[in-house]
Amino acid sequence: MIVNDDQTLSPNLGLNSWVSFTSAVHQEAILTGQFLLLKDEANAVLTVALDAALEVTGLALFVRF
């Protein structure tokens with residue numbers, strides 16, 4: 001069970017985080033992933049990724065009404 005701001009989210013929503021690595025032709029490796037973050041965690045995680053010279057190509061938000 002996942003609880004956020006006193007709201008319970010169903011595990012059936014498929015909320016998860018993952019990452020995969022693959023070799024690349026013009027770079028040492030390609031890292032692809034998805035991280036489930038709370039709204040107040042996004043800036044800190046993006047800062048760490050960008051400081052590590054990772055190229056962030058997308059950001060998606062999950063909004064529950």
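Analyst: Quick ground rule before we start: helices (H or I, at least four residues) and strands (E, at least two) are DSSP runs, numbered from the N terminus. On that basis the protein has one helix and four strands, and from the N terminus on its elements run β-β-β-β-α. This is a predicted model, where local features need pLDDT of at least 70, side-chain atom pairs count only at pLDDT 80 or more, and totals for chains, interfaces and linings use all residues. Residues are numbered from 1 along each chain as its sequence is written, and side-chain values use heavy atoms, with hydrogens and water left out.

User: Where in the protein is confidence lowest, and where is it highest?

Analyst: Strand 1 (residues 2-4) has the lowest confidence, at a mean of 68, and helix 1 (residues 42-51) the highest, at 90. Those are pLDDT values, the predictor's confidence in each residue, from 0 to 100. Across the protein the average pLDDT is 79, and 78% of the residues score at least 70.

User: How do you know that strand 3 and strand 4 pair?

Analyst: Two strands pair if DSSP finds at least two bridges between them. Strand 3 (residues 18-23) and strand 4 (residues 29-34) have six bridges, in the antiparallel sense, so the cut-off is met. Two examples: W18 has Q34 in strand 4 as its bridge partner, and T22 stands opposite I30 in strand 4.

User: What do strand 3 and strand 4 form, and how many residues sit between them?

Analyst: They form a hairpin, with five residues between the two strands.

User: Why is F21 called exposed?

Analyst: The label needs over 50% relative accessible area; buried means under 20%, and partly exposed is in between (1.4 Å probe, protein chains only). F21, which is found in strand 3, comes in at 61%, so it counts as exposed.

User: And why does T22 count as partly exposed?

Analyst: T22 also has its place in strand 3, but its relative accessibility is 42%, which lands it in the partly exposed class. Beyond residues up to four places away in sequence, T22 touches A29 and I30, where contact means heavy atoms within 4.5 Å. T22 and T32 are 10 residues apart in sequence, with 8.4 Å between their C-alpha atoms.

User: What makes L31 partly exposed, and which residues is it in contact with?

Analyst: L31 is found in strand 4 and has 39% relative accessibility, so partly exposed is the right call. Leaving aside neighbours within four places in sequence, L31 is in contact with V19, S20 and F21. V19 is 12 residues away from L31 along the chain, and their C-alpha atoms are separated by 6.9 Å.

User: What makes V19, F21, L31, F35, L37, V45 and L54 a nonpolar patch?

Analyst: Patch members need over 30% relative accessible area and no salt bridge; like charges are joined within 9 Å, nonpolar side chains (Val, Leu, Ile, Met, Phe, Trp, Tyr) within 5 Å. A salt bridge would be a side-chain nitrogen of Lys or Arg within 4 Å of a carboxyl oxygen of Asp or Glu. F21 at 61% and L31 at 39% show the area rule at work, and the seven-name group has about 620 Å² of accessible area together. The areas come from the Shrake-Rupley method with a 1.4 Å probe; for residues, only the protein chains shown count as cover.

User: How much area does the whole protein expose, and what share of its residues is buried?

Analyst: The protein exposes about 6100 Å², with carbon and sulfur atoms supplying 56% of it. Buried residues make up 5% of the 65.

User: Why is S17 partly exposed, and where does it lie?

Analyst: S17 is at 44% relative accessibility, so it is partly exposed. It lies in the loop between strand 2 (7-9) and strand 3. Not counting neighbours within four places in sequence, S17 is in contact with Q34, F35 and L36.

User: What is odd about the phi of A53, and why is A53 called exposed?

Analyst: A53 has a positive phi of about 65° although it is not a glycine. Its place is in the segment after helix 1, and with a relative accessible area of 68% it is exposed. E55 has its place in the segment after helix 1 too, and at 72% relative accessibility E55 counts as exposed.
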